[in-house]
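Please find below a note for a colleague who is coming to this structure without earlier acquaintance. The points are numbered so that each can be checked against the structure in turn.

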Amino acid sequence: MATAAPIIVVGHKNPDNDSICAAVGYAYLKNELARREARDGEAPAVYVPARLGPLPPESSWILKENGLPLPEVVGHVHARVSDVMTPDPISIAHDATLLEAGRLLRQHNVRALVVTNDDGTYRGLITTRMIAERYIAATDVLEEGGANEMAVAGDLIASLGQKVSDITETDVLELDKDGLLKEAVEDLMASALREAVVLDDDGFAIGIVTRSDVAVHPRRKVVLVDHNETRQAANGIEEAEVVEIVDHHRIADVMTANPIKFLNLPVGSTATIVAMEFRRHCVEMPPAIASVLLSAVMTDTVILKSPTATYVDHEIVDFLADVAGVDPTAFGLAVFRCRGGEDNMPVAKLVGADSKEFQLGDSTVLIAQHETVDLPAVTQREDEIRAYMRRLREDRGYEFVLLMVTDILAEGSQFLCEGNLRTVNRVFNIDCSAEGGTWMPGVLSRKKQVAAKILGA
């Protein structure tokens with residue numbers, strides 16, 4: 001039987017710092033709670049932080065500064081071959097005897113053994129069915145119409161010393177552990193054998209998959225942080241089992257088959273909620289985790305200047321800064337400054353690194369945000385930025401693409417917009433068509449000050 005797969009803790013597509021850091025912090029908390037709650041002799045559940053795209057520079061910096069591993073990139077949450085395979089299959093050398101093979105099969109109560117070469121690499125499979133067929137074949141020595149039981153017995157005795165390699169099946173379906181299970185099922189059902197083997201890059205067998213393994217389709221378990229929208233979730237989310245959601249955005253369209261823990265609070269950052277959960281469960285927070293969570297609160301609330309920042313965020317920032325041993329404002333500015341390089345940053349990253357799609361009636365719009373402490377370095381690239389935004393709109397059919405270039409020090413955003421500007425102009429009572437865009441003083445939050453107004457129009 002396959003071991004339980006880790007539970008993935010993951011944020012949204014085009015991950016920002018809050019999405020990354022909330023996943024790291026919440027996975028740490030859940031692992032601590034799982035160890036605390038595990039019964040004697042019971043293996044605790046394992047939670048693994050993950051991401052759906054490249055790391056923002058501030059996330060990479062804060063994780064490396066604190067010696068924490070980078071979250072694993074996951075391309076999808078469809079069921080994989082590794083979710084059903086039996087790992088570390090029992091193996092036998094090719095020059096072993098059928099007697100040894102039979103004993104191993106009975107001892108481990110399995111139906112197949114991996115046959116290995118001298119160097120331990122995969123050679124083929126031997127199964128109970130193959131051995132049974134070899135024994136049945138002994139009856140071939142019976143003379144038609146005669147009774148030559150001794151000849152049969154002699155052949156059966158001889159077979160016990162026969163080499164495994166003599167009846168090894170080498171025409172076996174080989175699978176990739178990260179391959180989609182639904183594709184592997186089709187291949188396995190079409191195979192002459194009931195078993196398939198999973199190999200690593202060096203040719204060693206790391207798992208076996210049988211038709212019985214795939215009879216019940218597994219669902220990967222996922223905890224969503226910093227979002228609850230299928231549009232922003234990992235590909236295959238409809239096939240996964242969402243077991244928890246921790247978020248600070250509007251309630252959207254992720255549906256579950258069973259009741260789950262859905263923690264949604266109107267605060268400035270998902271990391272704030274994660275920190276609250278540490279305190280609620282009385283779990284000691286290491287300074288490294290405090291630094292990571294603090295960086296997320298400071299970026300998501302623009303160093304507590306955003307209108308999304310609540311008194312709870314202020315209180316949590318004081319708590320996290322005390323644990324991390326830093327001055328919160330100086331720390332927040334350092335996190336923002338580590339983004340840097342805006343004069344030569346790839347335009348796709350500048351525009352798309354923190355961008356989200358929204359459904360507006362029958363249309364889809366893209367609202368992107370780039371936060372900076374050097375607004376002129378960004379605006380001097382306006383022609384290049386607008387050309388990229390137009391390509392995005394044409395390629396993906398957006399009604400419009402809006403980029404907020406948010407100046408943290410000046411506490412406002414420069415709006416650059418391409419496409420059908422009527423909604424943006426009407427909602428904000430501006431004319432955003434001119435070169436240079438439109439300066440929006442005090443506008444710092446995409447969620448509360450921009451997206452909410454546009455979606456409510």
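1. A polar contact of D354. In this predicted model, the side chain of D354 makes a polar contact with the side chain of R446, at 2.7 Å. D354 lies in the loop that runs between helix 11 (347-352) and strand 14 (355-360). D354 counts as buried because its relative accessibility is 14%, and the cut-off for that class is under 20%. Leaving aside residues up to four places away in sequence, D354 touches N14, D16, I367, A368, Q369 and R446, so R446 appears both in this set of contacts and as the polar partner of the D354 side chain.

2. Salt bridges within helix 13. The count of salt bridges comes to 19, and one of them joins E382 to R386, with the closest N and O atoms 2.8 Å apart. E382 and R386 both lie in helix 13 (residues 382-396), where they are 4 residues apart, about one turn of the helix. E382 counts as buried because its relative accessibility is 10%, and R386 likewise counts as buried, at 8%. The pair belongs to a network, in which salt bridges that share partners join E382, R386, R390 and E418.

3. The pair E384 and R381. E384 forms a salt bridge with R381, and the closest N and O atoms of this pair are 3.1 Å apart. Are these two residues buried or partly exposed? E384 counts as partly exposed, at 37% relative accessibility, whereas R381 is buried, with a relative accessible area of 9%.

4. A link between distant parts of the chain. K182 forms a salt bridge with E239, the closest N and O atoms being 3.9 Å apart, where the cut-off is within 4 Å. This pair links distant parts of the chain, since K182 is in helix 6 (residues 181-190) while E239 is in the loop between strand 11 (221-225) and strand 12 (241-247), 57 residues apart. K182 counts as partly exposed, at 42% relative accessibility, and E239 counts as partly exposed as well, at 24%.

5. An open sheet. Four strands make up an open sheet with the order 4-10-9-8, and their pairing is mixed. Strand 4 (86-87) and strand 8 (173-175) stand at the edges and have a single partner strand each, so one side of each is left without a neighbour in the sheet. At one of these edges, strand 4 runs antiparallel to strand 10 (residues 205-210), and 2 bridges join the two strands. For a reader who wishes to locate this pairing in the structure, T86 may serve as a guide, because its bridge partner in strand 10 is I208.

6. A nonpolar patch on the surface. Which residues form the nonpolar patch on the surface? The patch is formed by L99, Y135 and L160, which together have about 210 Å² of accessible area. L99 is found in helix 3 (residues 98-108), and L99 counts as partly exposed because its relative accessibility is 33%, where a residue must have over 30% to be part of a patch.

Conventions. Residues are numbered from 1 along each chain as its sequence is written. This is a predicted model: local features need pLDDT of at least 70, side-chain atom pairs count only at pLDDT 80 or more; totals for chains, interfaces and linings use all residues. Side-chain values use heavy atoms; hydrogens and water are left out. Patches are made of residues with over 30% relative accessible area and no salt bridge: like charges are joined within 9 Å, nonpolar side chains (Val, Leu, Ile, Met, Phe, Trp, Tyr) within 5 Å. Accessible areas come from the Shrake-Rupley method with a 1.4 Å probe; for residues, only the protein chains shown count as cover. A salt bridge is a side-chain nitrogen of Lys or Arg within 4 Å of a carboxyl oxygen of Asp or Glu. Buried means under 20% relative accessible area, exposed over 50%, partly exposed in between (1.4 Å probe, protein chains only). A polar contact is a pair of N or O atoms within 3.5 Å; within protein, one must be able to donate a hydrogen and the other to accept it, and residues adjacent in sequence count only if both atoms are side-chain atoms. Contact means heavy atoms within 4.5 Å.
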